[in-house]
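Student: Give me a close look at just one part, please: the ligand site. I'd like the details in one go.

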Amino acid sequence: MTIRLYDTMRRAKVDFVPADPARVTMYVCGPTVYGRAHIGNARPAVVFDVLARLLRHTYGPDAVVYARNITDIDDKIIAAAAAEGVDPKVITDRFEAHYLADMGALGVQPPTLAPHATDYVAERVDAAGRVTGMIPMIADLVAKGAAYAAQGHVLFDVAAPGDYGRLSRRPLDEMIAGARVEVAPYKRNPADFVLWKPSTADQPGWESPWGRGRPGWHIECSAMIAAELGETIDIHGGGLDLIFPHHENELAQSACAHGGAPLARVWLHNGFLSMGGGDKMSKSLGNVVGVDDLLAAGWSGDVIRLALLSAHYRQPLVWSEALLEQSKARLNRWKRAVDDVTLEPLDDLRFAATLWDDLNTPHALSIVSELVSSSPAAAKGALRLLGFYLPAHFDVSLTEEVTVSDQANAIVCNPLVDAAIAARTAARARRDFAESDRIRDELAGQGIVLEDGPGGTTWRRG
Ligand code: AMP
Ligand code: ZN
């Protein structure tokens, strides 16, 4: 059985085959930190958190490198800092902390890597002598004839890759006509996009071959991916609105910089969350519901998480109070049924198969509904894999769990620890004490202490 994912590039569900199953790489474009996250922003965070958990469950807890960046240089950040009369870092530190707390409340684990754009502007040289960073990448694109400097700016020449528009499948003339393409006198082609732009003395900036300035948005992700994950990653994700221009531009410049190597094997995009009526939730439309507002109104993080996973990730999701009410009733019913049940290894093949089938969470949740009555232990394993918090089987509070990275790791390992405990219980039942001791020692080697009690075996971090 393989995981199948819907690849936006091929417009088809494809078998997911990572380049190296021992190092599965996923990059998801993260937040620009100048304001609180709304529930639409939380959708990709939760969806890709479930995917990261599934990949870890499938390939092993240490075999997945999931990077989600922080965009901490941006004109909206500069404007917010100017409005408050503070340094941009005051703004970005504040809203990054809010973002992590809000997503943590929804059970979103910190990604493996959280690169900050500002750390990747200047040249970096890694232990292997590899040079990365936005300025060297832009200089390389200029040297290769794929970018040009004009009036303090550096622009990417969309004619360079030869197949620009591949991901969004828009012909160039249509993109130029599109509202999001800014016409400027220094552009050769209206669709050319900014890699570098000049900064005034009061704006943040870096010295570069083109004067003091700062990067455009698209180059950030390409440079961070090259620095942290390599030229071609297994999965690149984000919301639908990122397909054009952001991902189109990322893939064009990365391919030009890397001799045509594709940026990603599979492109995944989540659908929009709206309040109904068709418009996606967005700050610019003013139709937003903050994650913090929902939490303050008393909705628990896992109820919000369940509501977000109730639709397939590629489908639109209409947000409503009724959806929250339904999710709350459903989760309460499930928790009552599974709270006191000892976890069993997740061996329900149907459940795994639905997740492997392009992350079909609504179907997976309907299987949980069935399992709750037929096999509560399996239901519990399924809920745990989906990232739900089950209080009776954690010895730490929710807040500790999501903010302390050790504990976050503990959650990552849960399905495997649980499987190991079940194997040990089976070994003891057949009086194979050598095997049961071996499993206990192996877990101890990973800092996991088992405790045998009348209700079965529990574990904690030693
Ligand atoms: P932004 O901070 O606007 O760049 O958005 C962060 C992430 O949230 C991106 O992956 C967006 O595609 C995604 N996103 C923004 N608005 C929505 C929405 N209404 N529904 C689903 N995803 C969204
Ligand atoms: Zn990006």
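Tutor: Here's a walk around that site, starting with how far to trust the model.

This is a predicted model, where local features need pLDDT of at least 70 and side-chain atom pairs pLDDT 80 or more, while totals for chains, interfaces and linings use all residues. Residues count from 1 along each chain as its sequence is written, chains are lettered from A and ligands numbered from 1 as written, and side-chain values use heavy atoms, without hydrogens or water.

The protein chain averages a pLDDT (predictor's confidence per residue, 0 to 100) of 89, with 89% of the residues at 70 or above. Residues 392–413 fall below 50, and low-pLDDT coordinates shouldn't be read in detail.

Now the site itself. Ligand 1 has 14 residues around it (a heavy atom within 4 Å), and Gly-40, Gly-239, Asp-241, Leu-273 and Met-281 come nearest. Three of those make polar contacts (N or O pairs within 3.5 Å). Asp-241 uses its side chain: one of its N or O atoms sits 2.4 Å from an oxygen of ligand 1. Leu-273 works through its backbone, with an N or O atom 2.8 Å from a ligand nitrogen, and Met-281 likewise has a backbone N or O atom 2.9 Å from a nitrogen of ligand 1. On its own, ligand 1 has 480 Å² of accessible area (Shrake-Rupley, 1.4 Å probe), and the protein covers 85% of that.

As for secondary structure (DSSP runs, at least four residues for H or I helices and two for E strands, numbered from the N terminus), helix 1 (39–59) and strand 11 (233–239) each give two or more residues to the shell. Helix 1 supplies the largest share, three residues.

Notes. Contact = heavy atoms within 4.5 Å. Polar contact = N/O pair within 3.5 Å; in protein donor to acceptor, adjacent residues only side chain to side chain.
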